[in-house]
Amino acid sequence: MAGGYDDRDGKIWLDGQLVEWRDARVHILTHALHYASSVFEGERAYNGKIFKGVEHSHRLRKSAELLDFEIPYAVEEIEAAKYAVLEANGWSDAYVRALAWRGAGPDMGVASLRNPVRMAIAAWEWGSYYGDAKMKGAKLDIAKWKRPSPETAPSQAKAAGLYMICTMSKHAAEAKGCSDAMMFDYRGYVAEATGANMFFVKDGEVHTPLADCFLNGITRQTVIAMLKEKGITVHERHIMPEELEGFEQCWLTGTAAEVTPVGQIGDYNFEVGALTRDVAESYEKLVRA
Ligand SMILES: Cc1ncc(COP(=O)(O)O)c(C=O)c1O
C-alpha cells in the first residue's frame, strides 16, 4: 500500500534530474506557496504512451506565460522528462503531473521576477477519478462559487490559483454525498465541474458550454472532434441554468475524469444513455489506439 504522496518509493524529476521520491522538496518560503505562482498539467499514459502529451506540454508553457514566467525547458525536453519518469518508476499506465512554479529566492513580496522558475514531474498509478460513477453516473452538487471573468483571472491557464474555489466547492459537494460540483460562471451560465468539462444531450444533439472563461480541456476538444466525426451536431454555446431540466444525458470530460457519465446535478436527473456510453467507449479506444 502506497503511503501519503510525500512518502512513497520511486523517482520524481526535479529541475532537470531524477531524484528520490521523498527528496523532492521545496523551501517554505517558495513564492508559489504564498502567492499561487504555479501552473500544472494532468496527463495520462496508456500502454506506455502519454495521450496528447505534446499538447499538454505546450499548454504548460502557455499557462506559465499567462502567469508571467517562462519555463526554462522546451516542449521536447519536457516530453523526454515525462517519459524518463515513467521509465524510472516502471509504469506504462499512469497519471502524470508536470508543474512549474516561482521558487524561493531574493523576492518575498508579491513581485517575484528575481526568483528562479522551478519545475517537477511526478507520476503515479491512478484509477477511475470518480470511482464507480463511470458505470452508474456521477452525482453532482451545484457549487456556490462561480468561474471568474477572464478579466479577473487568466482563465485559459491551468494555474493553481484557479483551483482554490474548486477545492472549496468539491469539499462542500462531498459533504453532501456528491462526487463533484457543477459551477456556473460569473454571468450565471453553466460552466464546468471542478476538474472537468461538461457535455449535455438533447434530441440527439450535443450541447457544451462555450469555453470562454474556463479551461478548454484537451479531452473536451478531443470529444468534440470525435462527435463531429460520428456526424453528431455539437453546439458550443452559452447554456442557461433553466435548460438543465430539458437535457436527457450529461457527461464530464477531463484527463483524470476521462469520459464520466453524470446521473444527477442538484435536483436534475439524467440517464446514462446510449450516446454517453458510446462516447466513453470510443474515448477509451482512442487513448489506447
Ligand atoms: C478545471 C478544469 N477544467 C477542465 C479540465 C479538463 O481539461 P483536460 O481535458 O485538458 O484534462 C480540467 C482538467 O485538467 C480542469 O482541472
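# Exercises on strand pairing, backbone angles and overall form

In this predicted model, strand 1 (residues 11-14) pairs with strand 2 (residues 17-20) in the antiparallel sense, over 4 bridges.

**Exercise 1.** Determine how strand 1 is connected to strand 2, and which other strand is joined to strand 1.

*Solution.*
- Step 1. Consider the link between the two strands: 2 residues lie between strand 1 and strand 2, and the two strands form a hairpin.
- Step 2. Inspect the turn, where Asp15 has a positive phi of about 50°.
- Step 3. Look across the hairpin: Ile12 stands opposite Val19 in strand 2.
- Step 4. Turn to strand 6 (residues 117-124), which runs antiparallel to strand 1 and is joined to it by 2 bridges. Here Leu14 stands opposite Ala120.

**Exercise 2.** Locate Asp203 and Glu258, state the sign of phi for each, and decide whether each is buried or exposed.

*Solution.*
- Step 1. Recall the background: most residues other than glycine have a negative phi.
- Step 2. Examine Asp203, which is not a glycine and yet has a positive phi of about 50°. Asp203 is placed in the loop between strand 10 (197-202) and strand 11 (205-209).
- Step 3. Apply the cut-off for exposure, which is over 50% relative accessible area. Asp203 counts as exposed because its relative accessibility is 63%.
- Step 4. Examine Glu258, whose phi is also positive, near 55°. Glu258 belongs to strand 14 (residues 258-265).
- Step 5. Apply the cut-off for burial, which is under 20%. Glu258 has a relative accessible area of 12% and is therefore buried.

**Exercise 3.** Establish whether the radius of gyration of the protein agrees with that of a compact globule, and describe the chain as a whole.

*Solution.*
- Step 1. Take the chain length: for 289 residues, a compact globule would have a radius of gyration near 19 Å.
- Step 2. Compare with the model: the protein has 19 Å, so the value agrees.
- Step 3. Add the dimensions: the C-alpha trace spans about 55 × 40 × 35 Å along its principal axes.
- Step 4. Count the elements: the protein has 7 helices and 15 strands.
- Step 5. Consider burial and contacts. Of the 289 residues, 51% count as buried. Among contacts between residues at least 6 apart in sequence, 68% join residues at least 24 apart.
- Step 6. Consider the surface: the accessible area comes to about 13,600 Å², and 52% of it belongs to carbon and sulfur atoms.
- Step 7. Finish with the charges: the mean positions of the 33 positive and 41 negative charges are 2 Å apart.

Notes:
Residues are numbered from 1 along each chain as its sequence is written. This is a predicted model: local features need pLDDT of at least 70, side-chain atom pairs count only at pLDDT 80 or more; totals for chains, interfaces and linings use all residues. Side-chain values use heavy atoms; hydrogens and water are left out. Two strands pair if DSSP finds at least two bridges between them. The radius of gyration is taken over C-alpha atoms; the globule rule is 2.2 Å times the number of residues to the power 0.38. Buried means under 20% relative accessible area, exposed over 50%, partly exposed in between (1.4 Å probe, protein chains only). Contact means heavy atoms within 4.5 Å. Accessible areas come from the Shrake-Rupley method with a 1.4 Å probe; for residues, only the protein chains shown count as cover. Lys and Arg count as positive and Asp and Glu as negative; His and the chain ends are not counted. The place of a charge is taken as NZ of Lys, CZ of Arg, CG of Asp or CD of Glu.
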